[in-house]
Amino acid sequence: MKSRKFIVSGLLLLAIAVLGGSILFISLYGEKEPEKKMLIVFYSHTGNARFVSELIQTHTGAGVFELIPADPYPEDVNATIERVSKEREDGFIPPLTGSIEKFADYDVIFLGSPNWFGSLSLPAQSFLRSYDLSGKTIVPFITFGRGGLQNTVDDIKKLAPNAIVLPEFGVSRDDVKESRSDIMQWLEQIEIRLSE
């Protein structure tokens, strides 16, 4: 009888110690926040947004999806400008090839685009119109010539009104190749986890 009480008392003390240790561990270290699933979605006509997306991917480990219009834009910049100008006048949004599998599983979407005529590129607009970004976090990165960001980020907010839009990264085509340290600093400022 005494040995049975001793065993029960011992088990009770052990349970209290384990439970107390767990509570102490949680209070000291906090519960581990679930890792956010990240995806880089970008359109790049001249390669600048692709370059930035590769640097972001290297530092975050995020997946990558390139936006490709069903009817690709010409390599010649002047021919592309002419076509985009007409598409904008006509209100045409180009369909894209491919689709993102299990898009609902992603929490954070890095969205890369050039500035076209002061707005987000038409392929990037097509993406925003094609997917439900409600509750997701969008992290814009914009490449541009002389125009700066202009309305690009406002376009994102209008086309994805129920998403959280974090501060953007903007870079001139003249500076994109030297932007590595600026990208690192931006990622740290917006507190995006860097891959190890």
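Within helix 3 of this predicted model, glutamate 87 and arginine 83 stand four residues apart, so about one helical turn separates them. The two side chains form a salt bridge whose closest N and O atoms are 2.9 Å apart. Both glutamate 87 and arginine 83 are buried. For arginine 83 the relative accessible area is 19%, and the residue counts as buried because the limit is under 20%.

Arginine 83 has a further partner, aspartate 71, with the closest N and O atoms 3.7 Å apart. Aspartate 71 belongs to the loop between strand 2 (63-66) and helix 3, whereas arginine 83 belongs to helix 3, so this pair ties together parts that are 12 residues apart in sequence.

Helix 3 also holds the salt bridge between aspartate 90 and lysine 86, which lie four residues apart in the helix and are therefore separated by about one helical turn. Their closest N and O atoms are 2.8 Å apart. Salt bridges with shared partners join Asp71, Arg83 and Glu87 into one network. Aspartate 90 has a relative accessibility of 51% and therefore counts as exposed. In total, the count of salt bridges comes to four; the table lists three, including the two made by arginine 83.

| Acidic residue | Basic residue | Closest N and O atoms |
|---|---|---|
| Aspartate 71 | Arginine 83 | 3.7 Å |
| Glutamate 87 | Arginine 83 | 2.9 Å |
| Aspartate 90 | Lysine 86 | 2.8 Å |

**Surface patches**

Helix 3 spans residues 77-90 and includes valine 77. Together with Ile81 and Phe117, Val77 makes a nonpolar surface patch of about 260 Å². Valine 77 itself counts as partly exposed because its relative accessibility is 42%, a value that falls between the limits of 20% for buried and 50% for exposed.

A patch of negative charge on the surface gathers Asp174, Asp175, Glu178 and Asp182. One of these residues, aspartate 174, is found in the loop between strand 7 (169-172) and helix 6 (180-189). With a relative accessibility of 60%, aspartate 174 counts as exposed.

**The nonpolar core**

In soluble globular proteins, nonpolar side chains tend to be buried together. The largest nonpolar core here has 25 residues, and those with the most contacts inside it are Val41, Ile100, Phe127, Leu128 and Leu133. At least two residues of this core come from each of strand 1 (38-42), strand 3, helix 4 (122-130) and strand 5. Helix 4 gives the most, with four residues.

Leu128, among the residues with the most contacts in the core, can also be placed relative to lysine 158. The C-alpha atoms of leucine 128 and lysine 158 are separated by 9.7 Å, although the residues are 30 apart along the chain. Lysine 158 is found in helix 5 and is exposed, with a relative accessible area of 66%.

Another pair separated in sequence is leucine 187 and phenylalanine 169. These residues are 18 apart in sequence, and their C-alpha atoms are 9.0 Å apart in space. Leucine 187 lies in helix 6 and is buried, with a relative accessible area of 0%.

**Backbone angles in two loops**

Most residues other than glycine have a negative phi. Lysine 102 has a positive value, with phi near 55°. Lysine 102 lies in the loop between helix 3 and strand 3 (108-116), and at 62% relative accessibility this lysine counts as exposed. Glutamine 150, likewise not a glycine, has a positive phi of about 45°. Glutamine 150 is found in the loop between strand 5 (137-144) and helix 5 (152-159).

**Overall arrangement**

The elements discussed above belong to a protein with six helices and seven strands. Read along the sequence, helices and strands follow the pattern α-β-α-β-α-β-β-α-β-α-β-β-α. Of the 196 residues in the protein, 40% are buried.

Notes:
Residues numbered from 1 in each chain as written. Predicted model: local features only at pLDDT ≥ 70, side-chain atom pairs only at ≥ 80, totals over all residues. Heavy atoms only, no water. Patch = residues over 30% accessible without salt bridge, like charges linked within 9 Å, V, L, I, M, F, W, Y side chains within 5 Å. Areas by Shrake-Rupley, 256 points an atom, 1.4 Å probe, with all protein chains shown as cover. Lys, Arg positive; Asp, Glu negative; His and termini not counted. Charge placed at Lys NZ, Arg CZ, Asp CG, Glu CD. Buried < 20%, exposed > 50% of the residue type's maximum accessible area, 1.4 Å probe, protein only. Core = buried A, V, L, I, M, F, W, Y, C linked by side-chain atoms within 4.5 Å.
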